[in-house]
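This report takes a protein–DNA model piece by piece. Keep the sequence and the 3D view open while you read.

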Number of protein chains: 2
Amino acid sequence: MAKSGTASGVSATGSERSAVTRRQLVNAAVETLKSDGYAGASARTIAQRAGVNQGLIFYHFGSVASLLLAALDAVSEERLERYDAEVSAAIGPSQLVDAAEGIFRNDLDAGYITVLVEMIAGASSTPGLGSEVAKRIRPWREFAQSTIEGSLRNSPLHGVLPAPDIAYAVVALYLGLEMLSHLEGDPDPALALFVHAKRIAGLFDAMPSTTSPEESP
Amino acid sequence: MAKSGTASGVSATGSERSAVTRRQLVNAAVETLKSDGYAGASARTIAQRAGVNQGLIFYHFGSVASLLLAALDAVSEERLERYDAEVSAAIGPSQLVDAAEGIFRNDLDAGYITVLVEMIAGASSTPGLGSEVAKRIRPWREFAQSTIEGSLRNSPLHGVLPAPDIAYAVVALYLGLEMLSHLEGDPDPALALFVHAKRIAGLFDAMPSTTSPEESP
DNA sequence: GTCTATACTTGGATAGAC
DNA sequence: GTCTATCCAAGTATAGAC
């Protein structure tokens, strides 16, 4: 089957070995960012967690920063996929808030947003990293924006509050809530906000499409 | 006048020298956190900026982390003082939003919230730092809470939205907006939010005290 | 009491082994 | 192509000079 793979032995081709090592390093980088933060994510710390020689980071990724970006990529991809599935199943404002709460709880447990926060904050200390991190956060903002746009279309708020601005605020709030929850070691105050949000969203559930029916001229 | 100070010369007493050095180090620590982030705030970097020997950090503060906490203290104190002055001059919701915008603009320019964000994110990498940072953020949350409480008292939202929860969200949003603005190098999306906030706040300006007049039984 | 010179540890990066 | 041993820079901390 494989072009040059081993049929059943323990040895592997170079590219297989490479892929395994890279994956181990990316996973270890994610875990290290979660537990030790950006400042604690050194080549040695990550490599030790991955169980490989520290020099491999530079061979496979060129620098620690590049590995951390790969870790951010891995998290982003996985998260966005999940978000998409959960949110697209939601119908109406209050179900959307429910989905958002589920996502937030899950992220908080898994520490995914911590990775994001650490990379944003850590970018200050590594020249050129900021724009790379910003590039990888754009999909999250776009996801938030299109979700909000869809929800706003059938709402009396349509036209009053532009979706891009709200999306920006939602992402910012999400990051901030994660920071505070993580710092205080207590997610309850953040989670309480979802209760209020759901109550308010419920007010809009009953009144779909209060805007003028003519959308396009 | 001074117990053992020099009358007019260039030399100074021990305690004066100490105070000068400490102040230089604290200022340099603040600047370093702003420009290089937590990960870049090493003893060497800070001391170089302060123009003093690197070992003095350990003599005067015991550790780099303690110096950084002193830097956070200095910023917190200065900021809270200013906030208090600006906010207490505001009357009514829309003036409050105006004050908040002024504060946010100023903080963004001066980089004060960056210091806060870097310390929160950096706390993950230094054992025991998290609770110390949390302790120093509590006054900010309390300030936000009492401000919001005062504004909410004469509002129809009184009783619907509890002030502590809103205060938590406001602080989180503030931190998140700073992070994103700083990362993207563009404060406009964040500032646009204040325009919307002001418009919404204006709706409440005209309707003071719509709750039942009986406050205490 | 204040500070400097020095010791030792950890981190990033690469030359060369396999 | 993949990895390890090694180099040098940067980091924290302190013993001892002033």
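Which helix gives the most to the surface near DNA strand D? H1(A) does, with 5 residues. Bear in mind throughout that the model is predicted.

## The surface near DNA strand D

DNA strand D is surrounded by 18 residues. The closest are A:Gly14, B:Ala43, B:Arg44, B:Gln54 and B:Phe58. Sugar and phosphate make up 52% of the strand D atoms that come within 4 Å of the protein. Both chains take part: helix H1 (14-36) and helix H3 (56-61) of chain A, together with H2 of chain B, each supply at least two residues of this surface. By residue class, the surface divides into 5 nonpolar, 11 polar and 2 charged.

Specific side chains can be picked out. An N or O atom in the side chain of A:Tyr59 is 3.0 Å from a phosphate oxygen of strand D. For A:Arg17, the distance from a side-chain N or O atom to a phosphate oxygen of strand D is 3.4 Å. B:Arg44 reaches a base instead: a side-chain N or O atom of B:Arg44 is 2.3 Å from a base nitrogen of strand D.

## The surface near DNA strand C

Now turn to the other strand. There are 19 residues around DNA strand C. A:Ala43, A:Arg44, A:Gln54, B:Gly14 and B:Ser18 come nearest. Of the strand C atoms within 4 Å of the protein, 50% belong to sugar and phosphate.

Helix H2 (43-50) of chain A, along with H1 and H3 of chain B, each supply at least two residues here. H1(B) gives the most, with 5 residues. The surface counts 5 nonpolar, 12 polar and 2 charged residues.

Three side chains of chain B can be placed against phosphate oxygens of strand C. B:His60 has a polar side-chain atom 2.9 Å from one. B:Thr21 has a side-chain N or O atom at 3.2 Å. B:Arg17 has a polar side-chain atom at 3.4 Å.

## How the two chains relate

What turn lays chain A on chain B? A turn of 180° does, with a shift of 0.0 Å along the axis and an RMSD of 0.0 Å. That is the relation of a two-fold axis. The same surface serves both copies: 100% of the contact residues of chain A recur in chain B.

## Helix H2 of chain B

Helix H2 of chain B spans residues 43-50. Its buried residues are B:Ala43, B:Ile46, B:Ala47 and B:Ala50. Why do they line one face of the helix? Seen down the axis of H2(B), the buried residues fall within an arc of 95°, so they share that face. The general rule is that an α-helix has 3.6 residues a turn, so residues three or four places apart point the same way.

What covers the buried residues of H2(B)? The cover includes helix H1 (14-36), helix H3 (56-61) and helix H4 (64-88) of chain B. The face turned away from the buried side carries the exposed residues B:Arg44 and B:Gln48. B:Arg44 is also the residue with a side-chain N or O atom 2.3 Å from a base nitrogen of strand D. B:Ala43, one of the buried residues, is among the residues closest to strand D. Just after H2(B), B:Gly51 takes a positive phi of about 75°.

Conventions:
Residues numbered from 1 in each chain as written. Chains lettered and ligands numbered in written order. Predicted model: local features only at pLDDT ≥ 70, side-chain atom pairs only at ≥ 80, totals over all residues. Heavy atoms only, no water. Buried < 20%, exposed > 50% of the residue type's maximum accessible area, 1.4 Å probe, protein only. Helix = DSSP H or I, 4+ residues; strand = E, 2+ residues; numbered from the N terminus. Arc of directions from axis to C-beta. Contact = heavy atoms within 4.5 Å. Near = heavy atom within 4 Å. Polar contact = N/O pair within 3.5 Å; in protein donor to acceptor, adjacent residues only side chain to side chain. Nonpolar A, V, L, I, M, F, W, Y, C, P; charged D, E, K, R; others polar. Least-squares fit on C-alpha atoms with pLDDT ≥ 70 in both.
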